[in-house]
Amino acid sequence: MAHEKNTSVAPGPVLLSDDRDGVRTLTLNRPHRKNAINPELWAALRDSLVSLETNRDVRALVIEGAGGSFCSGADLSEIADIHPMHKLRVLTDVALLLHELPIPTVAKVSGVAVGAGWNLALGCDLVVATPESTFSQIFSKRGLSLDLGGSWLLPKLVGLQQAKRLVLLAETIGAEEAEALGLVTWVVPKSEIDGYARDLAQRLASGPPIALAQSKSLLNEGADRTMRDALANEARAQAMNFGTSDAPEAYAAFAEKREPRFAGRWAVPRIGS
């Protein structure tokens with residue numbers, strides 16, 4: 001999952017976090033290893049995602065890599081003195097936390113996204129890449145099977161046959177093919193990706209937070225539900241939306257020909273004193 005070994009050491013924390021205008025940007029900060037994820041970085045990712053579950057000020061998340069690469073996968077050069085099952089438990093935590101996070105998430109992919117690094121990007125709701133970006137489910141070339149949710153994500157995104165091709169052959173594909181397969185949402189020039197991802201995240205952060213959370217959950221669950229289940233879940237979610245201040249704010253903004261100001265506040269009157 002990681003690429004060539006490099007013994008140089010990057011200064012500073014392995015994960016950078018910046019909160020601005022309702023958007024948290026997490027930067028994988030091991031550029032000397034093309035941001036391969038070591039145990040310290042796995043733990044930092046988990047802790048940051050946990051903190052987002054109760055942080056109402058952050059309404060969108062961007063994950064990126066430092067130094068021109070997104071992530072070259074798990075760092076196999078660092079052997080942790082723990083049982084592999086304990087190591088995989090942290091990976092499971094990261095994958096589930098990212099998948100179930102109620103806020104919209106964006107992967108900003110420059111350079112390589114390999115193995116668990118690619119599945120980290122696929123675990124985000126939207127993926128922005130550059131024409132130079134490359135992707136590989138490299139696991140089989142390392143004598144491993146896929147992880148970080150890849151066995152669930154890939155068949156849903158590209159179908160079973162293409163998923164098997166990507167995993168069993170471990171081919172490297174470019175951004176254009178990844179976009180054609182539905183594994184990348186947008187491909188933008190390298191010089192524009194920072195501004196594009198920033199504007200996208202701010203658009204998401206300005207949306208109605210409760211409604212976006214409900215829609216994200218409905219879409220994630222919909223593939224495994226019957227139509228009857230989906231309709232029941234939609235009705236439940238819509239009832240919750242009508243209980244917030246955002247629905248009347250949207251109608252008022254439309255009538256007044258202005259942009260809505262969504263807050264995600266509960267607006268049902270209190271019963272009793």
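A residue is called buried when its relative accessible area is under 20%, exposed when it is over 50%, and partly exposed in between. Ser215, at 38% relative accessibility, therefore counts as partly exposed. Keep these words in mind as we walk through this structure, which is a predicted model. Ser215 belongs to helix α8, residues 209-222. Its C-alpha atom is separated by 9.4 Å from that of Pro102, although the two residues are 113 apart along the chain.

Let us turn to the sheet. Strands of a sheet pair through backbone hydrogen bonds, either parallel or antiparallel. Here, an open sheet of 6 strands follows the order β1-β2-β3-β4-β6-β9, and its pairing is mixed. At the edges stand β1 and β9 (186-187), each with a single partner strand, so one side of each has no neighbour in the sheet.

Strand β2, residues 23-28, is a good place to look at this sheet in detail. With β1 (residues 15-20), β2 pairs in the antiparallel sense over 6 bridges. These two strands form a hairpin with 2 residues between them, and Asp21 in the turn has a positive phi of about 55°. With strand β3 (residues 60-65), β2 runs parallel, and 6 bridges join the two.

You can follow individual residues across these pairings. Leu16 has Thr27 of β2 as its bridge partner, and Thr27 also stands opposite Glu64 in β3. Leu26, in turn, has Ile63 of β3 as its bridge partner.

What happens to the side chains along such a strand? In a regular strand the side chains alternate between the two faces of the sheet. In β2, Val23, Thr25 and Thr27 point one way, while Arg24, Leu26 and Leu28 point the other way, and all are buried. Because 6 of the 6 residues of β2 are buried, this strand is largely enclosed by the rest of the structure.

Now follow the chain onward from β2. Together with helix α1 (residues 39-52) and β3, strand β2 makes a right-handed β-α-β unit. In the loop between β2 and α1 you will find Lys34, which is partly exposed, with a relative accessible area of 29%. Most residues other than glycine have a negative phi, and most peptide bonds are trans. Lys34 departs from that pattern, with a positive phi near 50°.

Further into the sheet, Thr105 is found in strand β4, residues 105-109. Thr105 is buried, with a relative accessible area of 1%. Leaving aside its neighbours within four places in sequence, Thr105 is in contact with Leu61, Leu98, Gly123, Cys124, Asp125, Leu126 and Lys216.

The next stop is the nonpolar interior. The largest nonpolar core has 48 residues, and Trp42 and Phe135 have the most contacts inside it. Beyond its neighbours within four places in sequence, Trp42 touches several residues, including Ile37, Ala74, Val90 and Leu148. There is also a second, separate core of 11 residues, among them Ala60, Val128, Val188 and Leu200. Leu148, one of the contacts of Trp42, sits in the loop between β7 (134-136) and α4. Leu148 is buried, with a relative accessible area of 6%, and has a positive phi of about 55° although it is not a glycine.

Helix α5, residues 160-169, has buried and exposed residues. Ala163, Leu166 and Val167 are buried. Seen down the axis of α5, the buried residues fall within an arc of 90°, so they line one face of the helix. They pack against α3 (116-122), α4 (150-158) and β8 (172-174). On the other side of α5, Gln161, Leu168 and Leu169 are exposed. Just after the helix, Ala170 takes a positive phi of about 55°.

Finally, how many disulfides are there? The count comes to 0. A disulfide is a covalent bond between the sulfur atoms of two cysteines. To count as one here, the two sulfur atoms must lie within 2.5 Å. The sulfur of Cys71 is 11 Å from the closest cysteine sulfur, that of Cys124, which is too far for a bond. Cys124 is likewise in no disulfide. Are these cysteines buried or exposed? Cys71 counts as buried at 0% relative accessibility, and Cys124 is buried with a relative accessible area of 6%.

Terms used. Residues are numbered from 1 along each chain as its sequence is written. This is a predicted model: local features need pLDDT of at least 70, side-chain atom pairs count only at pLDDT 80 or more; totals for chains, interfaces and linings use all residues. Side-chain values use heavy atoms; hydrogens and water are left out. Buried means under 20% relative accessible area, exposed over 50%, partly exposed in between (1.4 Å probe, protein chains only). Helices (H or I, at least four residues) and strands (E, at least two) are DSSP runs, numbered from the N terminus. Two strands pair if DSSP finds at least two bridges between them. A crossover is right-handed if, with the strands pointing away from the viewer, the path from the first strand over the helix to the second runs clockwise. A nonpolar core is a set of buried Ala, Val, Leu, Ile, Met, Phe, Trp, Tyr and Cys residues joined through side-chain atoms within 4.5 Å. Contact means heavy atoms within 4.5 Å. The arc is that of the directions from the helix axis to the C-beta atoms.
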